Structures are given as structure tokens and as C-alpha cells.
Amino acid sequence: MKTRKTSYLFATLIVSALTIAGCSSDEAEAPKASAGTAKKAVHRIDSGEATEPEKRQFEKEFSAKCVARELKNSNNKDVDEKRFQESCDCIAEHIMKDLSEIDAEKYLEDHEDTHTLQIKFDAAAYFCLQNKPQPKGPHLFGKP
């Protein structure tokens with residue numbers, strides 16, 4: 001009985017293997033590049049300025065992530081959200097002005113922050129926050 005089941009299983013495996021082998025093509029298929037890969041290759045060669053729709057999308061996403069990141073550490077989310085929104089919008093707008101195609105692609109598609117974006121962020125943050133009044137710390141025990 002055990003031999004009969006083993007023989008049946010073995011025969012099924014052979015038939016399956018022959019069926020799969022019969023369906024494959026004799027020619028080796030060349031690897032196909034996806035449209036996204038071709039697009040990325042073109043963008044990396046031509047490192048010009050990002051298009052206006054890419055800039056607007058970057059500005060929107062960057063600002064939203066900035067506000068969310070700042071609100072994580074906030075104790076008074078309702079009051080702080082408006083202040084963070086203004087600051088983050090200002091930073092995103094300054095970065096967006098001379099956003100390169102590569103930086104926009106890496107941020108929007110690959111969700112990566114490039115070194116160039118970090119430098120632009122620091123400069124924009126300094127510009128946007130230098131004249132803003134900073135929130136006062138807690139007032140403890142009558143000391144200013």
C-alpha cells in the first residue's frame with residue numbers, strides 16, 4: 001500500500017515537471033527594464049530643475065511630514081499645530097524654489113532625504129525661524 005502511494009506521488013511529480021518544462025520557451029528571455037527604471041535612469045543623467053508639479057507635490061508632502069514630526073513632541077498640539085504649519089510651509093517653500101529633479105525624485109518616490117536636501121533644510125530653517133519668537137519654557141517657582 002505504501003509503495004503504491006509513493007509510486008503515485010512520484011509519477012505525479014514527473015508529470016508536473018514535464019508539463020512545466022514543456023511550457024517554457026526555448027529562447028532565453030532578456031531582462032526587461034520597467035518604465036520606472038528607465039525613467040530613473042533618464043532623471044539621473046539629466047539633473048536639471050524639478051518640474052512645477054513635482055515642486056508643488058514636494059512642498060505639500062514635505063510640509064505635512066514636517067508638521068507631523070514636530071507635533072509628536074508637542075504637549076499642546078492644538079496651539080502648536082498652527083505655528084508648526086507656518087514654519088514648515090516656509091521651509092518647504094524655500095527648499096522648493098531651487099529643487100533639483102534628483103532630490104525631488106528621491107524624496108517623492110524613494111522617500112529618501114539626500115544630503116543636498118539636508119543642507120537646504122538647514123538654510124531654510126535658519127531663514128524661516130531666525131526672527132520668530134520662540135515659545136517660552138515652563139515658568140517654575142517664580143523664576144523667569
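**Entry 1: terms and overall fold**

Before looking up where S100 sits, I noted that a helix here is a DSSP run of H or I with at least four residues, and that helices are numbered from the N terminus. I also wrote down at the outset that I am reading a predicted model.

With that settled, I counted the secondary structure of the protein chain and found six helices and zero strands, which read along the sequence as α-α-α-α-α-α. I then looked up the contacts between residues with a separation of 6 or more, and 71% of them in the protein chain join residues 24 or more positions apart.

**Entry 2: the surface**

I asked what share of the 144 residues counts as buried, and the value I found is 24%. The protein chain exposes about 11300 Å², and I noted that carbon and sulfur atoms supply 59% of this area.

**Entry 3: S100**

I located S100 in the loop between α4 (77–97) and α5 (101–108). Is S100 buried or exposed? I recorded it as buried, because its relative accessibility is 19% and the cut-off for buried is under 20%.

I next looked for partners of S100 beyond its neighbours within four places in sequence, and I found contacts with G48, E49, A50 and K120. For G48 I also checked the spacing: S100 and G48 are 52 residues apart in sequence, yet their C-alpha atoms are 5.9 Å apart in space.

**Entry 4: D103**

Following the side chain of S100, I came to a polar contact of 3.2 Å with the side chain of D103. D103 belongs to helix α5, and I listed D103 as buried because its relative accessible area is 4%, where buried means under 20%.

Setting aside neighbours within four places in sequence, I found D103 in contact with T114, T116, L117 and K120. I marked K120 in my notes, since K120 appears among the contacts of S100 and also among those of D103.

**Entry 5: the second largest pocket**

I turned to the second largest pocket, for which the computed volume is about 150 Å³. Which residues line the second largest pocket? I listed F62, K65, R69, Y107, D113, L117, Q118 and F121, and I noticed that L117 is also one of the contacts of D103.

Sorting this lining by class, I wrote down four nonpolar, one polar and three charged residues. I then checked which helices take part, and found that α3 (52–72) and α6 (115–129) each supply at least two residues of the lining.

How values were computed
Residues numbered from 1 in each chain as written. Predicted model: local features only at pLDDT ≥ 70, side-chain atom pairs only at ≥ 80, totals over all residues. Heavy atoms only, no water. 1 Å grid on protein atoms, 1.4 Å probe; cavity = no way out; pocket = protein on both sides within 12 Å on 5 of 7 lines; lining within 4 Å. Points joined across faces, edges and corners; volume = space filled by probe spheres on them. Nonpolar A, V, L, I, M, F, W, Y, C, P; charged D, E, K, R; others polar. Buried < 20%, exposed > 50% of the residue type's maximum accessible area, 1.4 Å probe, protein only. Contact = heavy atoms within 4.5 Å. Areas by Shrake-Rupley, 256 points an atom, 1.4 Å probe, with all protein chains shown as cover. Polar contact = N/O pair within 3.5 Å; in protein donor to acceptor, adjacent residues only side chain to side chain.
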